[in-house]
Amino acid sequence: MTQAATINATMTRWTLYDWLGIGLGVVMPVLAALLYPTYIHCVDPGWAEWTRLLEMPFVVAELVAIQIAVRRGYRDAPVWRGLPGDAKLAFGLLAVGLTVSSVFRSQHPFDSVLLSLITLVHLRFCAAIHFLARAAPVADIGALFRWLTLGLGALTVLTVWRFQLPPPVADVPGGVIEWGSALPGFINVRHFGSWTGAIAAGLMLALLYGEEEKDQHATALAYLFAVGLTCWSGTRAALLAMAVVAVVALVSLRRLPTRTRLVQVAALSALALGLALTLLPADPAFHLYVTSDAQSADAATGGRLALWHATFARWLDAPLFGWGSGSTFWEVYVGWTHTQPHNVVLQCLISWGIVGAAGGLWLLARAIVATHRTGMDDPRLQPLTGMLYSLLFMSLLEGMLHYPRFIMMIALGFAVLFAARERHGPSLHRLA
């Protein structure tokens with residue numbers, strides 16, 4: 001067999017989850033790292049920074065995935081017809097909020113309308129992946145985490161390169177290297193840690209509750225790697241999310257993991273933390289705790305209390321429809337601008353008001369309720385569910401439901417769980 005034939009045969013054997021893992025876990029993060037190299041909190045020129053903040057390459061990737069699904073037979077109409085009445089009503093409220101707030105209320109209607117359209121792209125991406133996942137065996141889901149782990153390896157290599165071979169300080173705009181913004185392809189170090197932490201949460205459930213007969217050595221090494229990167233990034237929200245995921249699994253499954261598995265996860269976590277501390281940069285942005293955190297509750301939350309208060313107060317000035325998609329960036333100022341309020345509920349309220357927020361949050365809650373048992377009862381799906389719940393919890397503290405790379409992961413999680421649920425129970429379209 002020629003080399004070309006061998007490559008062709010390998011690509012033919014790859015499953016949907018191989019392709020999703022390669023695209024979302026390896027290609028897109030590496031592409032973002034190469035497109036947006038920076039050692040400061042923004043890039044030049046301004047239009048490039050705008051596309052970076054909107055994570056437009058990931059939106060383009062969603063559109064490509066949708067087109068692939070369409071070429072394979074996906075259509076929107078059957079999805080809409082199959083939705084229950086309350087989901088249609090919720091989608092209608094969301095659509096009204098997206099439109100009215102962005103067209104008539106926003107100070108920057110072009111930006112808001114674009115973000116509203118991107119929100120619809122996310123929803124269509126989820127439906128398209130569900131369409132593709134219906135034909136993909138659940139047993140293949142492990143390929144996704146293999147590629148996500150490989151992607152972490154690629155990001156680590158790029159990070160080492162950027163940290164060990166920085167440019168001369170004189171060549172950096174402003175004459176200062178901002179190490180917290182030097183992570184390849186990420187807005188800042190917290191988003192890097194949120195990404196690694198979500199993967200770590202999924203791997204944690206695989207170790208705690210995974211299939212008994214499955215060899216866990218590769219999973220253990222991947223978990224050590226992912227947790228180590230998360231600790232190194234100093235992302236407390238991600239570590240807290242891992243703890244929440246563990247509690248949710250415990251309550252849902254109503255049983256403790258075996259003592260051996262608990263000891264293994266505890267030992268790997270402690271080892272990961274120890275290794276991370278030995279490699280920690282001097283920059284406080286990477287520290288899990290700094291002395292200034294004890295100054296006040298606001299300092300302990302990284303300034304979130306002030307941001308939440310200011311966002312809530314601004315929303316009260318336009319409670320019904322809010323100020324338009326993405327309006328936190330220009331409507332709320334607490335010493336510096338924020339792309340989003342680090343809380344998904346406030347994000348929905350200030351963007352779309354009560355009308356749009358009610359629709360969007362209802363759809364999200366319904367999706368969680370509809371897929372929870374499917375994700376928790378099947379050991380093969382537990383890692384995906386852990387990653388999904390980690391991102392959803394972090395959306396209460398970070399921008400996981402603002403930035404497309406994280407929304408893609410959330411949409412992927414729901415799409416696969418709905419597809420699995422459809423095989424074993426009520427149709428996707430009945431939702432609950």
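Helices H9 and H10 run roughly antiparallel to each other in this predicted model, because their packing angle is about 150° and angles over 145 degrees count as roughly antiparallel. H9 covers residues 189–209 and H10 covers residues 217–233. Their axes lie 8 Å apart, and the crossing is left-handed.

Which residues of H9 and H10 meet? On the H9 side, the contact includes Val-189, Arg-190, Phe-192, Gly-193, Thr-196 and Gly-197, followed by Ala-200, Leu-203, Met-204, Ala-206 and Leu-207. On the H10 side, the partners are Thr-219, Ala-220, Ala-222, Tyr-223, Ala-226, Val-227, Leu-229, Thr-230, Trp-232 and Ser-233. By character, the residues of this contact comprise 14 nonpolar, six polar and one charged. Arg-190, in H9, is the charged residue.

I turn now to the chain as a whole. How many helices and strands does the protein chain contain? The secondary structure amounts to 18 helices and zero strands. The radius of gyration is 21 Å, close to the 22 Å that the globule rule gives for 432 residues, so the chain is as compact as a globular protein of that length. Along its principal axes, the C-alpha trace spans about 55 × 55 × 50 Å.

Two further values describe the interior and the contacts of the chain. Of its 432 residues, 53% count as buried. Among contacts with a separation of 6 or more, 78% involve residues 24 or more positions apart.

To return to the helix pair, H9 and H10 are thus roughly antiparallel, with a left-handed crossing and 14 nonpolar residues in their contact.

Terms used: Residues numbered from 1 in each chain as written. Predicted model: local features only at pLDDT ≥ 70, side-chain atom pairs only at ≥ 80, totals over all residues. Heavy atoms only, no water. Axes fitted to C-alpha atoms, helices over the stretch in contact; angles between N-to-C directions. Helix = DSSP H or I, 4+ residues; strand = E, 2+ residues; numbered from the N terminus. Parallel < 35°, antiparallel > 145°, perpendicular 65-115°, else oblique. Left-handed = near helix turned anticlockwise from the far one by under 90°. Contact = heavy atoms within 4.5 Å. Rg over C-alpha atoms; globule rule 2.2 N^0.38 Å. Buried < 20%, exposed > 50% of the residue type's maximum accessible area, 1.4 Å probe, protein only.
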